Amino acid sequence: MGGRLVPTLEARGYRIRCLARRPEYLTGRFRAGTEVVKGDVLNPESLVSALDGVHTAYYFVHSMGASGDFEEQDRAGARNFARTARERGVRRIIYLGGLGGRELSAHLRSRQEVGAVLAAEGPQVVEFRASIVIGSGSLSFEMIRALVNKLPVMVTPGWVRTPTQPIAIDDVIAYLVCGLEFAGEESAVFEIGGPDRISYGGLMHEYARQIGVRRLMVPVPFLTTRLSSLWLGLVTPLYARVGRKLIGSLRNKTVVHGSAALRTFGVRPLSVRQAIARALEAEDREMAATRWSDAVSSGGKASAWGGRRFGSRLVDRQQIEVPVAPGRAFAPIQRIGGRQGWYFATWLWVLRGFLDLVVGGVGMRRGRRHPVDLRPGDPLDFWRVEAWEENRLLRLCAEMKMPGRAWLQFEVEPAGERSRITQTAVFDPVGLGGLVYWYGLYPIHWLIFRRMLRGVAARGGSSASSEPANARSLP
């Protein structure tokens with residue numbers, strides 16, 4: 001949430017200081033004027049200088065990933081932060097908590113308790129309570145997405161029918177910004193949500209509809225919370241640790257009671273259908289604006305099979321250096337496809353195009369508009385040019401038939417007296433078929449794209465200085 005909020009505040013001209021346990025992870029993410037300092041809410045001494053000169057603090061901390069007593073850690077962190085904030089002259093804390101009624105799971109109880117601790121120990125607190133936040137990065141939404149993508153048939157427990165009142169992440173950000181301008185002087189709690197009340201099952205069906213898949217849900221009465229958490233850990237291993245804590249909350253009805261937020265602030269939240277569509281569009285924009293090669297390398301050592309994940313997408317990179325200037329290194333990339341071919345096993349590309357044509361796709365028959373010149377929107381065999389920067393970048397979006405979407409990007413940048421060519425492949429699988437497609441064809445793609453990059457390097461300038469690094473596959 002903080003990563004979404006900071007650019008919004010930057011655009012409004014606010015001076016911002018971010019507190020992070022590992023500030024090096026935020027290097028280059030924000031504008032030059034935004035400070036990033038090291039600190040931990042469980043270490044009160046680290047908060048003193050961080051809160052100096054701050055008039056409003058946003059609090060987005062939780063300990064669900066902790067191996068110990070997360071409720072006690074949440075209480076301790078909130079207490080330390082609130083007391084230090086009051087001592088350093090902070091006037092307001094804006095906190096994002098969770099919706100829930102009288103019966104609360106440990107997770108929701110802790111979320112609301114944190115708000116109470118902040119208000120009791122610190123300055124004025126404006127607390128916003130939300131149910132499921134629809135947007136990439138939200139644990140509940142990512143869980144729903146993972147289940148829909150991986151399971152054509154789902155055995156569903158009772159919590160799938162629990163009513164919720166989801167809200168789009170953009171609307172949450174809007175409320176959080178409004179919290180800066182709240183005119184009240186006492187602490188206040190606002191329940192926020194979209195206009196629709198819907199079950200988790202309804203959310204899964206709507207998400208499936210928008211990505212173009214069908215999912216069958218078979219309700220069973222005997223799947224307990226404990227069994228549900230184990231099941232969740234099997235199908236969504238990324239959330240295995242927090243799953244046991246999150247799953248208990250899914251039994252609780254999380255809907256808005258009252259209209260205080262709508263009366264106080266000018267935010268008019270999107271519907272569920274609009275929120276999911278916006279989330280999918282935003283993810284595409286985020287991918288387009290991101291250096292995919294950096295997204296791979298920032299995750300550390302690449303996995304040995306199938307690439308690294310970026311949201312729901314699989315991302316793989318190959319890289320090589322050549323002893324020529326960027327313009328010369330980029331020249332073969334600019335001529336790729338059409339009559340020039342693909343620099344390795346062009347006959348396999350032709351075969352792939354023929355198979356695509358058989359199943360109703362565009363095939364390879366379109367070729368190129370011009371043998372050298374490229375423009376965004378140009379067809380290029382069964383790709384289309386999505387982005388183009390002379391002597392630096394070419395991004396292609398696939399238009400062949402496949403169970404998902406694919407992109408292929410080439411970047412050239414100076415590397416001292418040499419040039420570095422980075423080839424990045426991205427696949428956004430749809431359902432189980434997309435995952436089978438990606439991993440099943442991995443060996444063939446690994447060979448084709450590794451050799452293709454070497455061909456590009458050889459055409460761009462004498463022999464390359466190294467083998468392609470971190471080579472992986474493209475669908």
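# Notebook: helix pairs, cavities and a pocket

**Entry 1, α2 and α3.** I looked up the pair made by helix α2 (residues 70–87) and helix α3 (residues 106–121), whose axes come within 8 Å and cross at roughly 20°. That angle makes α2 roughly parallel to α3, as angles under 35 degrees count as roughly parallel. The model I am reading is a predicted one. I noted the crossing of α2 past α3 as right-handed. On the α2 side I listed F70, E71, D74, R75, A78, R79, F81, A82, R83 and R86 as the residues in contact. On the α3 side the list reads A106, H107, R109, S110, R111, E113, V114, V117, L118 and E121. Sorted by class, the residues of this contact of α2 with α3 are eight nonpolar, two polar and 10 charged.

**Entry 2, α4 and α6.** Next I took helix α4 (residues 139–150) with helix α6 (residues 200–211). Their axes come within 10 Å, and the crossing angle is roughly 60°. I therefore entered α4 as oblique to α6. The handedness of the α4 and α6 crossing is right-handed. From α4, the residues that meet α6 are F141, I144, R145, L147, V148 and N149. Their partners in α6 are Y200, L203, M204, Y207, A208 and I211. I counted this contact of α4 with α6 by class as 10 nonpolar, one polar and one charged residues.

**Entry 3, α12 and α15.** I then turned to helix α12 (residues 326–334), whose axis comes within 8 Å of that of α15, with a crossing at roughly 125°. α12 and α15 are therefore oblique to each other. I recorded a right-handed crossing for α12 passing α15. In this contact α12 supplies R328, A329, P332 and I333, and α15 supplies V456, R459 and G460. By class, I have four nonpolar, one polar and two charged residues for the contact of α12 with α15.

**Entry 4, cavities.** I searched the whole structure for cavities of 30 Å³ or more and found two. The largest cavity has a volume of about 80 Å³. For its lining I wrote down R4, I134, G135, S136, A168, I169, D170, A275, R278, A279, A282 and E283. Two or more residues of that lining come from each of α5 (169–178) and α10 (272–289). Which element gives the most to the lining of the largest cavity? I found α10 in that place, with five residues. By class, the lining of the largest cavity has six nonpolar, two polar and four charged residues.

**Entry 5, second largest pocket.** I last looked at the second largest pocket, which holds about 370 Å³ of space. It is lined by 18 residues, and those closest to the pocket centre are L348, R352, I444, H445 and I448. The elements that give two or more residues to this lining are α13 (346–358) and α15 (442–460). I credited α13 with the largest share of the lining, six residues. By class I have 14 nonpolar, one polar and three charged residues in the lining of the second largest pocket.

**Cross-check.** I see α15 in two entries: α15 makes a contact with α12 through V456, R459 and G460, and α15 also gives two or more residues to the lining of the second largest pocket.

Note on methods
Residues numbered from 1 in each chain as written. Predicted model: local features only at pLDDT ≥ 70, side-chain atom pairs only at ≥ 80, totals over all residues. Heavy atoms only, no water. Axes fitted to C-alpha atoms, helices over the stretch in contact; angles between N-to-C directions. Helix = DSSP H or I, 4+ residues; strand = E, 2+ residues; numbered from the N terminus. Parallel < 35°, antiparallel > 145°, perpendicular 65-115°, else oblique. Left-handed = near helix turned anticlockwise from the far one by under 90°. Contact = heavy atoms within 4.5 Å. Nonpolar A, V, L, I, M, F, W, Y, C, P; charged D, E, K, R; others polar. 1 Å grid on protein atoms, 1.4 Å probe; cavity = no way out; pocket = protein on both sides within 12 Å on 5 of 7 lines; lining within 4 Å. Points joined across faces, edges and corners; volume = space filled by probe spheres on them.
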